[in-house]
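Open your viewer and switch to a cartoon view. Could you use a short guided tour, with a few selections to make along the way?

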Amino acid sequence: EDVKPFTPGKAKEIVMSLQQPAVFCNMVGDWPALHWNAEYLSAVLNGKTIQFRLGLKAVDLVPQFETRCSYVEATLQEFLAWSCGQPCLSGPFSCYEYSKYWAYADYKYIARIFEDKPEIFQDIRWSDFGFPGRSGKESTLWIGSEGANTPCHLDSYGCNLVLQVQGRKRWHLFPPGDTSFLYPTRIPYEESSIFSKVNVANPDLKRFPEFRNTTAHVVILNPGQVLLVPRHWWHYVESIDPITVSVNSWIELDADHEARVEEAITRMLVCAIKSAENPSDGDLWLNPTEVEATSHELNLQYLNKAVSAYFECQEASVSEPAHPSSTGAEQRTSSSCKRKKREVGCEPEGCRLLTHEFEFSTFKAEELQKTPFGPHLIQVLPQSQETSLMCAVAVKSGGRELLHENEGGRFGKLHCTRKQLVTSNDSETPAHHMDSDSGPNPSQTALSTNDLLDCLVNPRVISLVAQLLLERTRV
């Protein structure tokens, strides 16, 4: 019988209380999902098409926002043929040379793409981490080629568990306290995502000098490992092997209720101001996942529902005794969804998380000492500490790097290898459209709507507005 290093109760306690990223090892060895390589998934999908996002493998100083990428509908079989470097004279990848592009099937809800094969949901067993009933139905699938990446962002809702299945990914993580150094922006707008203006893999320090003050935590996630991304930690993720497959699930937190109020305020402001602009300006401010700008009336309804849900949660927490291991972050039973559209008749649902960067700056030393770090739970260290650790280990091992591929985490250095330039539609020409911050020096040009929005919907400002609004409603 496979004995896991942590019981479900202990694993959940770690997930819900640890405020630093860490890698779980030897927890998923019996999960059928470990067989979900791209070839297997291609056979299961049996010709079903999914959307891929494409970007150029070229150095750039600006982030590869999704508004500046190309998109194709393709089967996994076509993706695998393309990723092997086979010439594509026809088909969805025919316009994209593999040596110049990466492709990413990201944010694929397993419940949606395998809706006709619900038995596959049980291949993922988050119950081993203390979340009974949570399976692939509440999880998301990611399939990418080498260089495929997600721009640096923080999630407005919940914390994140990520299982690596095939290939390796490099994660660059930054603590909530680094928010102001990462130049947060809500353009492109997507509910539950706060993006950074900085390309953290190739930062422009002349335009973003405060980025020097960030504390990067870098880790390479290997197959069979599970990464915990705590609440409000920024992350930039890049595939470093020819094919990568990973699965994640966002875990809801009680703090999400206030975050939804903040997100509702942000949505109302962004939609109202950006919708007033002349459409001919061509500013791609709405992330493709949002589909369309919602009306002011709909946004107001959402705000009211978010406020009502917040107070319902407050009343429930007063009437129910707190669980000693919850640390104010009990998981709810509803599924987490990062990018599900809101519906007027529904309660606001959970997805990603926001603000209060000062609340979660660092985990106290005494609390870290109580965390059972070791071969089965590896702390993701700040980059400076990580580099020192790798050097020390290399010396002790006679110059050989001990990477603990089976028992522990494999820490990677901050390599500036692939900084891709995003694409415009189906050409190999870099996209010329930039956000307002990508153009001339601000001192040489007039302020734009985006400049104003970056101030109005700054996480600190929105947090204060939400508190004032809740106080007014409470009275």
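Here are three stops in this predicted model.

**A helix and its cover**

Start by selecting residues 38–45, which form helix α2. Show the side chains of Ala38, Leu41, Ser42, Val44 and Leu45: these are the buried residues of the helix. Now look down the axis of α2. The buried residues span an arc of only 165° around that axis, so they lie on the same side of the helix.

What covers them? Add α3 (76–83), α4 (110–113), β5 (140–145), β7 (159–166) and β14 (243–251), which are among the elements covering the buried residues of α2. Before leaving, click on asparagine 46, which follows α2 and has a positive phi, near 50°.

**An open sheet**

Next, pick out the six strands of an open, antiparallel sheet and trace them in the order β9-β10-β6-β13-β8-β11. At its edges are β9 (184–185) and β11 (217–221), each paired on one side only. Strands in a sheet are held in pairs by backbone hydrogen bonds, in a parallel or antiparallel manner.

Zoom in on β9 and its partner β10 (residues 193–196), where two bridges make an antiparallel pairing. Here you can find threonine 185 opposite phenylalanine 195 of β10.

**A nonpolar surface patch**

Finally, turn on the surface and select Leu269, Leu452 and Leu456, which make a nonpolar patch of about 220 Å². Leucine 452 sits in helix α9 (residues 449–456). Is leucine 452 buried, partly exposed or exposed? Its relative accessible area is 46%, so leucine 452 counts as partly exposed.

Note on methods:
Residues are numbered from 1 along each chain as its sequence is written. This is a predicted model: local features need pLDDT of at least 70, side-chain atom pairs count only at pLDDT 80 or more; totals for chains, interfaces and linings use all residues. Side-chain values use heavy atoms; hydrogens and water are left out. Patches are made of residues with over 30% relative accessible area and no salt bridge: like charges are joined within 9 Å, nonpolar side chains (Val, Leu, Ile, Met, Phe, Trp, Tyr) within 5 Å. Accessible areas come from the Shrake-Rupley method with a 1.4 Å probe; for residues, only the protein chains shown count as cover. A salt bridge is a side-chain nitrogen of Lys or Arg within 4 Å of a carboxyl oxygen of Asp or Glu. Helices (H or I, at least four residues) and strands (E, at least two) are DSSP runs, numbered from the N terminus. Buried means under 20% relative accessible area, exposed over 50%, partly exposed in between (1.4 Å probe, protein chains only). Two strands pair if DSSP finds at least two bridges between them. The arc is that of the directions from the helix axis to the C-beta atoms. Contact means heavy atoms within 4.5 Å.
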